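Open the model in your viewer and keep the selection tool at hand. The stops below go from the whole chain to single residues.

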Amino acid sequence: MNTAQELFDQYAKNYELALSNALAPSGESREYFAEGRVEWLKRCLAEESVPLPSTVLDFGCGDGSTTPVLQRVLAARSCVGVDVSPKSLDVARKHFASEHIRYELIGDFPASSQFDLAYCNGVFHHIAPEERADAVGVIHDALKPGGVFAFWENNSWNPATRYIISRCPFDKDAILLSPFEARSLLKRAGFSILRMDFRFIFPRALRGLRALEDYMYRLPLGAQYLILARKTSYSQLTNY
């Protein structure tokens, strides 16, 4: 059985509690971070003149709680959440499936150039380094030509991030990707990089300073980073 599948099947019913306990030092809930990521993504799409997506892939959706946030904030016509954990998907379908949202196992998911945008958060540090290229390839194949990939990961350069991860039981064996490693991974898979941003610098105790984050996102200080990348055509790839 896939190690990640075993891990997240084990935590499917207690995922929210385990994550909330790990995030406690930040003073914020998982919902705060999920909303923040997707709202920032929406801003980035506007700044890069990328239209809001009609179809969205939530790759590594876990218990599915972010998928409806993506659908609502991005005004998407349809969203598909995929994951390796059947038990997590059972939770997702029970709580979040709708006429606009469905959930599928990654193994049953046909990657067929059907999505305008793919999103993932904190997924790749659970994927073995030697398997990451294949995972990015699945996402690349799932996007339409010119489609956009919003790749969120935990910032390995941030001590607070490392502390939070040390508190999280399902992150015990995680292998973080530095922003440079992630950027290189996406470029090798055929993505052109539109931008890299760093978010979530200040904990709740310093929330009065959070307005500054909108001016500091280029500095590698945030707990997480976003790489926004576009699926390139073959002709574009030959120009690298």
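A residue is called buried at under 20% relative accessible area, exposed at over 50%, and partly exposed in between, with a 1.4 Å probe and protein chains only. Helices (H or I, at least four residues) and strands (E, at least two) are DSSP runs, numbered from the N terminus. This is a predicted model, in which local features need pLDDT of at least 70 and side-chain atom pairs count only at pLDDT 80 or more, while totals for chains, interfaces and linings use all residues. Residues are numbered from 1 along each chain as its sequence is written, and side-chain values use heavy atoms, with hydrogens and water left out.

**Whole chain**

Start with the protein chain in cartoon view; ten helices and seven strands are there. Of its 240 residues, 50% are buried. The accessible surface (Shrake-Rupley method, 1.4 Å probe; for residues, only the protein chains shown count as cover) is about 11500 Å², and carbon and sulfur atoms account for 54% of that surface. Contact means heavy atoms within 4.5 Å. Among contacts between residues at least 6 apart in sequence, 70% join residues at least 24 apart.

**The sheet**

Next, select the strands. Two strands pair if DSSP finds at least two bridges between them. The seven strands form an open sheet with mixed pairing, in the order E3-E2-E1-E4-E5-E7-E6. At the edges, each pairing on one side only, are E3 (101-105) and E6 (191-199). From one strand to the next the twist averages 20 degrees, where axes are lines fitted to C-alpha atoms (for helices over the stretch in contact) and angles run from 0 to 180 degrees between N-to-C directions.

**Strand E1**

Select residues 55-59, which are strand E1. Is E1 largely enclosed or not? Five of its five residues are buried, so E1 is largely enclosed by the rest of the structure. In a regular strand the side chains alternate between the two faces of the sheet. Here Thr55, Leu57 and Phe59 point one way, and Val56 and Asp58 point the other way.

Add E2 (residues 78-83), which pairs with E1 in the parallel sense over five bridges. In E2, Cys79 is the bridge partner of Val56, and Gly81 is that of Asp58. Now add E4, which is joined to E1 by three bridges, also in the parallel sense. Leu117 in E4 stands opposite Val56.

**Helix H6**

Move to residues 132-142, helix H6, where the buried residues are Arg132, Ala135, Val136, Ile139, His140 and Ala142. These residues lie on the same side of H6 because they cover an arc of only 165 degrees around the axis; the arc is that of the directions from the helix axis to the C-beta atoms. Which elements cover them? Among them are E1, E4 (115-121), E5 (143-154), helix H8 (179-188), E6 and E7 (224-231).

**Strand E6 and the loop after it**

Return to the edge strand E6, where eight of nine residues are buried. E6 and E7 run antiparallel and are joined by eight bridges. One pair to pick out is Ile193 with its bridge partner in E7, Ala229.

Finish at Ile201, in the loop between E6 and helix H9 (213-216). Not counting residues up to four places away in sequence, Ile201 touches Glu213, Met216, Leu221 and Gly222. Draw a distance from Ile201 to Tyr217: they are 16 residues apart in sequence and 8.9 Å apart in space, C-alpha to C-alpha.
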